[in-house]
Every structure is written in C-alpha cells, then in structure tokens.
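Student: I've got this model open and I keep tripping over the vocabulary. Can we go through the terms one by one?
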Amino acid sequence: MAKSINPLLFAGVISAFIMCVEVLPSAAQSLPPVETQSPTADYKPAMPGQTRAPGAQTNTKLNVSVLNHDLKSPFGLRCFPDGRFIVTEKGGTMRILKADGSFDKNIGGLPEVATGGQGGLLDVNFDSSFAKNRTLFWTYSEKAQDGFQLAVAKGVLSPDYSKLENVKVIYRAKPAYNGHLQFGSRIVFDKQGNLFVSTGEHSADEIRVKAQDLDAAIGKILHITRDGKPVAGGPFAKKSGALPEVYAYGLRNPEGMAIDPATGEIWESEFGPRGGDEINIIRPGRNYGWPVITYGIEYRGVKVGDGIQQKAGMTQPVYYWNPSISPCGITFYEGNLIPEWKGNLFVGCLSGQHIIRLIIKNNKVVAEERR
C-alpha cells in the first residue's frame, strides 16, 4: 500500500537528480548506519550486512536543481539522446520535457488507462533499436471483466513526437483483481532486446498468495519478446501448468528494476509491507518468498502468515529495510561526473522522501547514504 507518497521521488527523479548537479570540493566522512529508528518487529537478518549497513557520505558536494515543479505523480522517466525526457504521469499522460525541464509536448494515442489507487500509467522504455524503429514500450493498469490488470503495450512514436501509432497491447498479467493496489511495474531489456517486466500481486490476502503460483502472472518477473510471447528456454518452460514466461516469482510489489552494467544481472526493489522493503538480485527460477517469508509485518500490526523470515528453497534479499522506506525506482550510476558514485545503486524512497545511495561490492551492500 502507499505510504505518504511524495510523487517527485519516483524513478525518473533519480535520473534528473544525478544529471542536474554541480560538483564542489569537500572532505570525506565516515558515518554510523543511517537508520536510527526501531524496527517494526524483532526479526534477525539471515546474514551479516543484510540490513543497516555502515553509513556513507558523498565526498563531492552537490548543488541540486529542480527541473520541473509541475509534474503530477510521475512514475516512469527515460532520456532521449538529445537530452530531453519522456515522462509518464499516473493519471494517464505521457509527456516530453525539454532538457531544461520545461514542457515540450504531450504524446497522444495511448489506450484507455484505468486510474485510481496505485493504478494508472506506469513505466515507459525505449526499444533497444529505438533509433531505427522509434518503438516505445509501456505498462499501465486497465479495466478487465474481473477487475483490473497490468497491461504491456508498444507503439511507434510519430516523427514529430506528438503521438503513438500502431499501438498494440502485447501482454496482460492475469488474473485480474477488483482492486487498485500493487501493479508493479518496470520494464528493462536483455541483450537480445527482449523484455523483463515486473508485476505486483494486488495486495489483498486472497490474491497475493498467487505470487507463489506459477500459473499466475502476478507477483513475478516475466520474460517476454517484443511481441509478448514467452522467451524460449525459460526456467519453467517445461514445467506442467506453469506459465513459460515466468522468470522469477514470490514478489510483492516490484516497483524498481535495473540492470547492473558491470555484471549484466537484474536488480529489483521490493516494496514491502510495514518493514521488509528489499533489494534483490533476480535470477532465473528463483522464489523470493512473498508472502511466506518477509522481514515486515502486516499494516494492521500482526505477523505476515507464520511470521518467518527464512525457508528452504526461498531466496534471501541482498538487503532490506525495517522500518519501511517504500522503495520505488532504482538506477545504477554509470556517469563520469562523480567518480565515487560509479557502480552505486540509487533508490527512490516514497515514504522516506529521500534518495538512497547503496555502495556495492561483490553483490553485497557495504554502505548506505541518504540524501
């Protein structure tokens, strides 16, 4: 569920934050863990360094500029090669901003978006061959006969950037549910241009259990082609009753996903309940445990299920937070302007209303900074 969301801390703002800084000299600091509040439950980590890593401080001073004050619940942001931004707003608008952050134009031609709660127009990403085919992919919530579901669509951006043409819904994450919570979702691409899509499990007790079901597309990382078909050779392609597009499962509300440029692995941010927000490395066939294991509790203050945090066959998070910081979009820093950030993972935090920088070595979080 949403936790006092500040919409300007959605995924795109991380990119804008990283791009819009002025570098000034400073001195280094060493810090204790940044989290000082008591956790919501007395759960113990499964391994050293899994939570409350030592604090860190950027040695370079930054002057941060806000590019745009007027966006309404932005969720997805990508950068055109010419420095402009494409932004989705949850209310159903896809916009282009100029490099200075001012509005350029709205993009027409989108299918009808079912807005409300956490539903709406969600992520957007460029086809890996966008320079040649001008194709965009995006996710959104749509009305279905049985409720609401996440849809993945593609379309060709017109030469004047004003509308989408040849629009087609390529995938629908079923089952639908009559609720407006926890759709996910992000889109990233593999080296062949196929899509990884994250899906939420709709939150309610009776539907979230399907995050564990391989015949349901919710609470999953899916691996599909540009046409929405399962990528061949998936980890469950030969398992009877399983959806062949399922790549990983047991997820609650995966609102962030990024490819580590150093390793090529998928990293995911997991929006937990009260506590239990996670960072995971997504690997094929893995079960990430929700709602069987979690480091959080229910919003009503009781344990989730049996109140366990570890179980055989279920993958532990690389890192978790308790109390919640409500992680959304994530991105790895690949620039050269601030060398000390190279390879660091940045996390947008909704209820926390800050940006987290995670310093990673050998796939482990060794330090955390909050800005």
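Tutor: Sure, let's start with Thr 199, which sits in strand S12 (strands are DSSP runs of E, at least two residues, numbered from the N terminus). Keep in mind that this is a predicted model, where local features need pLDDT of at least 70 and side-chain atom pairs count only at pLDDT 80 or more, while totals for chains, interfaces and linings use all residues. Residues are numbered from 1 along each chain as its sequence is written, and side-chain values use heavy atoms, with hydrogens and water left out.

Student: Why is Thr 199 called buried?

Tutor: Buried means under 20% relative accessible area (1.4 Å probe, protein chains only). Thr 199 has 1% relative accessibility, so Thr 199 counts as buried.

Student: What does the side chain of Thr 199 reach?

Tutor: The backbone oxygen of Ala 217, at 2.7 Å. A polar contact needs a pair of N or O atoms within 3.5 Å, one able to donate a hydrogen and the other to accept it.

Student: What makes S11 largely enclosed?

Tutor: Just the count: 6 of the 6 residues of S11 are buried, so the rest of the structure largely encloses S11.

Student: How do you know that S11 and S12 pair?

Tutor: Two strands pair if DSSP finds at least two bridges between them. S11 and S12 have 4 bridges, in the antiparallel sense. Phe 189 stands opposite Leu 195 in S12.

Student: And what links S11 and S12 in the hairpin?

Tutor: There are 5 residues between them, and Gly 193 in the turn has a positive phi of about 90 degrees.

Notes: Buried means under 20% relative accessible area, exposed over 50%, partly exposed in between (1.4 Å probe, protein chains only).
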